[in-house]
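Here's a friendly walk through this structure for anyone seeing it for the first time. Take a look at the sequence and the model, then read on.

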2 protein chains.
Amino acid sequence: MSRPTKHSPERGSARIRLLEAARDVIRSNGFAATSVDDLCRAADVTKGAFFHHFGSKEALGVAVAEFWTETNTGFFEAAPYHDPADPLARVLAYVAFRRAIITGGIAEFTCLVGTMAQEVYASSPDIRDACGRSIFGHAATLEADIEAARRDHGVSGGWTAESLARHTQAVIQGAFVLAKAGNDADLARESLDHLSRYIRHLFHVTEEDDA
Amino acid sequence: MSRPTKHSPERGSARIRLLEAARDVIRSNGFAATSVDDLCRAADVTKGAFFHHFGSKEALGVAVAEFWTETNTGFFEAAPYHDPADPLARVLAYVAFRRAIITGGIAEFTCLVGTMAQEVYASSPDIRDACGRSIFGHAATLEADIEAARRDHGVSGGWTAESLARHTQAVIQGAFVLAKAGNDADLARESLDHLSRYIRHLFHVTEEDDA
DNA sequence: GATAATACATACCGTACGGTCGGTATATGT
DNA sequence: ACATATACCGACCGTACGGTATGTATTATC
């Protein structure tokens with residue numbers, strides 16, 4: 001009779017398991033309300049493993065924000081909204097894509113780094129900055145298409161591509177706040193519809209699909 | 001020589017002092033990261049007083065959301081954006097007003113109930129609902145002007161006054177998230193400029209002041 | 001002036017928190 | 001074969017947490 005196998009996860013996986021658990025648990029309960037023990041339990045990992053991989057709870061916060069950045073970068077790079085040949089179509093497809101991935105429970109589609117930044121911006125500059133890099137880094141990936149669309153359509157006004165890119169993120173973050181406050185995902189979709197309409201107005205696109 | 005006056009606050013003021021302290025401290029540190037002792041210290045009140053007025057920390061959370069609703073209702077009712085005779089002008093003046101009151105530190109202009117809702121939406125439905133009532137109640141105060149402007153200008157499209165009113169709040173909340181993440185109030189102003197431009201586009205107002 | 005309710009104050013309780021520490025099992029390089 | 005580093009375990013520590021129990025000063029009511 002061999003040693004009881006005790007259902008232990010693979011050696012070497014503790015760090016990633018902790019980051020995934022942190023992403024999920026913090027997204028629904030917040031950073032401060034999530035204890036290190038909570039995370040260890042969710043990741044099926046001991047406290048020794050936690051503090052072997054992360055120097056403190058705050059360090060885990062920074063690491064999970066960076067983990068979010070990495071996984072999201074891949075996810076959005078692979079998304080189909082890059083397919084259209086026309087830059088403006090790509091920008092509108094991005095907004096449509098953001099709207100389309102609002103599915104399932106609120107904790108499944110809302111933004112980890114937006115939540116964490118809002119919560120710890122004053123008490124933990126390190127986490128806040130990691131969250132900021134995530135949000136503004138993602139915004140920056142939209143700038144080229146917006147700028148190209150702007151040139152293509154000869155549009156000008158009191159705004160820049162950089163500013164509009166950031167604004168899309170503000171609307172998305174605000175949409176999540178309202179969805180949480182009203183406990184209704186439709187509230188988020190509603191704001192993304194307004195954002196799409198705004199961009200179409202900026203580029204003088206007819207409202208044929210507004211019905 | 002009379003009894004040493006020991007610098008004690010007025011009797012009967014503990015409840016309001018706690019609510020004001022909670023508003024300020026929670027706004028910068030978050031709900032979960034703020035302890036009952038923190039609040040008592042900030043309000044110069046003992047723990048006995050705290051639990052005399054509030055049955056639990058969560059009950060304080062609900063009460064401070066309602067306190068926020070009450071004080072903000074008065075503040076916005078007295079604000080000058082109601083002055084213009086034209087409904088659309090009032091709507092645009094509202095957005096301009098929200099932009100103008102972005103002053104001082106981030107904790108001074110951001111929204112308590114948006115922050116709390118985002119943080120506790122899953123773990124404390126009571127607080128979440130109190131925050132939701134605050135946000136959506138405030139949004140509702142904009143509906144009449146939006147609807148009147150809509151009729152005046154004969155504008156129609158795939159949106160309702162109710163939906164646009166909520167969207168203004170989403171943009172404002174998202175603007176706060178970005179301001180926190182980037183530690184820069186200008187990020188919030190930027191999104192309010194986009195919101196103003198969106199509304200002007202919806203009502204076909206010329207962009208004379210965009211320059 | 002007695003009674004009762006309100007508004008605090010203070011000491012205390014059990015627990016859960018972030019973090020530490022000594023140890024062991026496994027892989028890796030020589 | 002041995003040394004070394006990495007990955008993990010689990011008991012433990014001091015403290016800070018939310019909440020309670022009991023007592024007292026002030027106010028309102030009759």
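Let's start with a single side chain. Asp193(A) has a relative accessibility of 30%, so it counts as partly exposed. Keep in mind that what you're looking at is a predicted model. Asp193(A) has a partner: it forms a salt bridge with Arg99(A), and the closest N and O atoms are 2.7 Å apart. This pair links distant parts of the chain, since Arg99(A) sits in helix α5 (residues 87–100) of chain A and Asp193(A) in helix α10 (residues 186–202) of chain A, 94 residues apart. Arg99(A) comes out at 32% relative accessibility, so it is partly exposed too.

**Salt bridges**

Side chains of opposite charge can pair when their charged atoms come close. How many salt bridges are there over all chains? The count comes to 22. Here are some of them, with the distance between nitrogen and oxygen.

| Pair | N to O distance |
|---|---|
| Arg99(A) and Asp193(A) | 2.7 Å |
| Glu66(B) and Arg133(B) | 3.7 Å |
| Asp129(B) and Arg128(B) | 3.2 Å |
| Arg166(B) and Glu190(A) | 2.6 Å |

Take the pair Glu66(B) and Arg133(B), whose side chains meet in a salt bridge. Glu66(B) is in helix α4 (residues 57–77) of chain B while Arg133(B) is in helix α8 of chain B, so the bridge ties together parts that are 67 residues apart in sequence. The two ends aren't equally covered: Glu66(B) has a relative accessible area of 35% and is partly exposed, whereas Arg133(B), at 51%, counts as exposed.

Then there's the salt bridge between Asp129(B) and Arg128(B). Is Arg128(B) buried or exposed? With a relative accessibility of just 11%, Arg128(B) counts as buried, because the cut-off for that is under 20%. Asp129(B), on the other hand, is partly exposed, with a relative accessible area of 31%.

**Where the two chains meet**

Now for the contact between the chains. Chain A and chain B each put in 49 residues. Together they bury about 4,200 Å², and 62% of that is on carbon and sulfur atoms. Which three residues supply more of the area that chain B buries against chain A than any other three? They're Gln118(B), Tyr121(B) and His194(B), with 17% of it.

There are 2 salt bridges between chain B and chain A. One that joins the two chains pairs the side chains of Arg166(B) and Glu190(A), at 2.6 Å from N to O. There's also a network of salt bridges, which links Glu162(A), Arg166(A) and Glu190(B). On top of that, the interface has 14 residue pairs in polar contact.

Which helices of chain B are involved? The ones that each supply at least two residues to the side touching chain A are α1 (14–29), α6 (106–109), α7 (112–120), α8 (125–152), α9 (161–182) and α10 (186–202). The largest share comes from α9(B), with 16 residues. Sorted by class, this side of chain B has 22 nonpolar, 19 polar and 8 charged residues.

**Inside the core**

Next, the interior. The largest nonpolar core has 144 residues, and the members that touch the most others are Met116(A) and Met116(B). What does Met116(A) contact, leaving aside its neighbours within four places in sequence? Its partners are Ile26(A), Phe31(A), Gly61(A), Val64(A), Ala65(A), Tyr121(A), Ile127(A) and Cys131(A).

Met116(A) is part of α7(A), where the buried residues also include Leu112(A), Gly114(A), Gln118(A) and Val120(A). In fact, this helix (residues 112–120) is mostly covered, with 9 of its 9 residues buried.

**Two unusual backbone angles**

Most residues other than glycine have a negative phi, and most peptide bonds are trans. Two residues of chain B are worth a look here. Asn183(B) isn't a glycine, yet it has a positive phi of about 50°. You'll find Asn183(B) in the loop between α9 and α10 of chain B, and its relative accessibility of 44% makes it partly exposed.

His204(B) also has a positive phi, near 55°, and it too is a residue other than glycine. Where is His204(B) placed? It lies in the segment after α10 of chain B. At 61% relative accessibility, His204(B) counts as exposed.

Methods. Residues are numbered from 1 along each chain as its sequence is written. Chains are lettered from A and ligands numbered from 1 in the order in which they are written. This is a predicted model: local features need pLDDT of at least 70, side-chain atom pairs count only at pLDDT 80 or more; totals for chains, interfaces and linings use all residues. Side-chain values use heavy atoms; hydrogens and water are left out. Contact means heavy atoms within 4.5 Å. Buried area is the accessible area (1.4 Å probe) that two parts lose on being put together, summed over both. A salt bridge is a side-chain nitrogen of Lys or Arg within 4 Å of a carboxyl oxygen of Asp or Glu. A polar contact is a pair of N or O atoms within 3.5 Å; within protein, one must be able to donate a hydrogen and the other to accept it, and residues adjacent in sequence count only if both atoms are side-chain atoms. Helices (H or I, at least four residues) and strands (E, at least two) are DSSP runs, numbered from the N terminus. Ala, Val, Leu, Ile, Met, Phe, Trp, Tyr, Cys and Pro count as nonpolar, Asp, Glu, Lys and Arg as charged, and the others, Gly among them, as polar. A nonpolar core is a set of buried Ala, Val, Leu, Ile, Met, Phe, Trp, Tyr and Cys residues joined through side-chain atoms within 4.5 Å. Buried means under 20% relative accessible area, exposed over 50%, partly exposed in between (1.4 Å probe, protein chains only).
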